[in-house]
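Have your viewer ready and let's take a walk through this model together. Each stop names something to select and then tells you what is there.

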Amino acid sequence: MSKKILLSILVIVVAIGLVGVGTYALWSVKVTSEDNVFASGDLEATVAGGPITVDGMYPGGYGDYTFTVTNAADSAVKTSGLSMTGLFVNNNVPGSPGLLSDVLWVTSVTVDGGANKLPGGNKICLSAFNGTDYLDLGAVTLNPGDSADVVVTIEMDINAEGNMNESVTGDITFQLAQ
Amino acid sequence: MLCVVLVVAGITMATWTTGVTSRDNVFATGDLDLIIRNEGSWVWDEHVHATWSATNMYPGQDLGMGAVHFINSGSFEGQSFDLAVSNTSTVADMDKFIEITHMQYENGKGHNMLDGHHLHDVNLNGWIDLDDLESQPQLALSAPSTTGALYMRYRFHPDAGNQFQAASVTADFTFTLHQ
C-alpha cells in the first residue's frame, strides 16, 4: 500500500474522529413538566316514571304519563336541550285489520307544565317513532342534579275499529344535550 | 579499568539539573443547569408536575392559562432550547381535542408559538392541539438568556364527541437546553 493511500486513510480517520468529538462535545440538560392530565367529565341522566302499563284502553280513551328526567348530580355540565324518541312493537291478534300503534296518538308532550312541544301541535301516532329520530322538546336547562317532568298524553283514536285485546310494548328514550 | 570508572563518575557528577513546577493548574468544566417551577410556586426543580391539568372537562370549556418558568443557573449560557411533548390518551385521538389557544415562549423576547411559523395544524383538524405539538417538537429555539417561561392556554374543543366522556390525556413536556 502506497504512502499516499495510507495518508488518505489517516486523514479520513482523523476527520471522522473530529466529527465525533464535535458531536459529543455538545452538552445539554433536560427538565420536565410531567403528569399534565386533562380529564373530561361526563353527562349522565336518569329517567323515572317508566315502564308504564296501560290496560283497558278503548277508542277515545286517553291518559297522561309522566317521566322525570334528571341530569345526574355528578354530571360535568348543565344541559341545554332535551329530546325524545321511541320504538314500539305491536302484539297483534292474528287477523286483526290494523296495527294498534297506528291508532295510538301522542296528542301532547309538555315539559314542566309548558306548552305542547309537538310540531304545530299536531298529534303523532306511536308508529311514527322509529327509535332514531328524536322529537325536540326544546331548550331545557338542567344543572347537575336538576330534573324535568315530561308529560306525554296518549289517546286511542276514536275511530279505531279493531285492535281489541292487543298491546304495544316499547322503549321511550330521552336525550339530554349539553 | 580504574581510569574508565573515574571518567564515567566524572561525567555523571558534572551534569547538574534543576526543576521548577507550575502546580495546581486546574482545568474545570462549567455546567448547564436548567431548573423549572410552576406558575405560582417558588420551588425550583428539575421536574414539576401538573403544570396544566383539568378535571371534569366538557366540550367548549376554556381551561385557562398555565405556565412553567425556567432558570439556567449554570456557569455559561445555553445556545438553543427544545420543547417536546409526549401524550397518552385513554381514548384514541383525545389529544386532538385539547386545543392550544395561546402559547408564548419567553426568553427575554416573546415568541408567539401560534404565529404560523412554529406550530402548524399537522393533523388538519382546523386547530392547533396537543397532538400537533407532539408531532412537531419545537427544536432549536433560542435559549433563555437566564430566565424564561412557557405560557399555554387551552380548551376542550367544542367538537369533542361522546366517546371522550370520562376520558383523559396525560402529557409530559420535556425542555432541553443545549450548549
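Helices and strands on this tour are DSSP runs numbered from the N terminus: a helix is H or I over at least four residues, and a strand is E over at least two. Residues are numbered from 1 along each chain as its sequence is written, while chains are lettered from A and ligands numbered from 1 in the order in which they are written. This is a predicted model, in which local features need pLDDT of at least 70, side-chain atom pairs count only at pLDDT 80 or more, and totals for chains, interfaces and linings use all residues.

**Stop 1: chain B as a whole**

Select chain B and show it as a cartoon. Its secondary structure comes to two helices and 10 strands, and along the sequence they follow the pattern α-β-β-β-β-β-β-β-α-β-β-β. Chain B is more spread out than a compact globule, because its radius of gyration is 30 Å, well over the 16 Å that the globule rule gives for 179 residues. That radius is taken over C-alpha atoms, and the rule is 2.2 Å times the number of residues to the power 0.38. Measured tools aside, you can picture a box of roughly 110 × 30 × 30 Å along the principal axes, filled by the C-alpha atoms of chain B.How much of chain B is buried? Of its 179 residues, 28% count as buried, a label for residues with 20 or more other C-beta atoms within 10 Å of their own (12 or fewer makes a residue exposed, anything in between partly exposed, with C-beta atoms placed from the backbone). Two residues are in contact if their C-beta atoms, placed from the backbone, lie within 7 Å. Among the contacts in chain B with a separation of 6 or more, 79% are between residues 24 or more positions apart.

**Stop 2: strand β9 of chain B**

Now select residues 147-156 of chain B, which form strand β9. Strands count as paired here if DSSP finds at least two bridges between them. Add strand β4 (residues 62-72) of chain B: eight bridges join β4 to β9, and the two run antiparallel. To find one of these bridges, look at B:G66 and its partner B:M152. Next, add strand β6 (residues 98-106) of chain B, which is also joined to β9(B) by eight bridges and runs antiparallel to it. Here you can pick out B:H102 with its bridge partner B:R153.

**Stop 3: where the chains meet**

Show both chains. In the interface, 21 residues of chain A are in contact with 38 residues of chain B. The chain A side divides into 10 nonpolar, seven polar and four charged residues. In this grouping, Ala, Val, Leu, Ile, Met, Phe, Trp, Tyr, Cys and Pro are nonpolar, Asp, Glu, Lys and Arg are charged, and the others, Gly among them, are polar.

Select strand β1 (residues 28-40) of chain A together with strand β10 (residues 168-178) of chain B: they pair in the antiparallel sense over 10 bridges. Zoom in on A:T32, whose bridge partner in β10(B) is B:T174.

**Stop 4: the sheets of chain A**

Hide chain B for a moment. Five strands of chain A form an open antiparallel sheet in the order β2-β3-β8-β5-β6. Its edge strands are β2 (45-48) and β6 (124-125), each pairing on one side only. At the β6 end, strand β5 (residues 104-111) of chain A pairs with β6(A) over two bridges in the antiparallel sense, and A:V106 has A:I124 as its bridge partner.

Three strands of chain A form another open antiparallel sheet, in the order β7-β4-β9. The edge strands are β7 (135-136) and β9, each of which pairs on one side only. Strand β4 (residues 81-91) of chain A is joined to β9(A) by 11 bridges, and the two run antiparallel. One pair to click on is A:F88 and A:G170.

**Stop 5: A:F174**

Stay with strand β9 (residues 167-177) of chain A and select A:F174. Is this residue buried or exposed? A:F174 counts as buried, because it has 21 C-beta neighbours inside 10 Å. Leaving aside neighbours within four places in sequence, A:F174 is in contact with A:V47, A:F67, A:V69, A:L82, A:M84 and A:V150. Draw a distance from A:F174 to A:M84: they are 90 residues apart in sequence, yet 4.3 Å apart in space, C-alpha to C-alpha.

**Stop 6: colour by confidence**

Finally, colour the model by pLDDT, the predictor's confidence in each residue, from 0 to 100. Chain A has a mean of 84, with 85% of its residues at 70 or more. Among the elements of chain A, helix α1 (residues 3-24) has the lowest mean, 47, and β5(A) the highest, 95. Over residues 10-24 of chain A the pLDDT is below 50, and this stretch has zero contacts in the model beyond near neighbours in sequence.

Chain B has a mean pLDDT of 88, and 92% of its residues reach 70 or more. Among its elements, helix α1 (residues 2-14) has the lowest mean (49) and helix α2 (residues 130-135) the highest (97). Residues 1-10 of chain B have pLDDT below 50 and, beyond near neighbours in sequence, zero contacts in the model. The model scores ipTM 0.79 and pTM 0.76.
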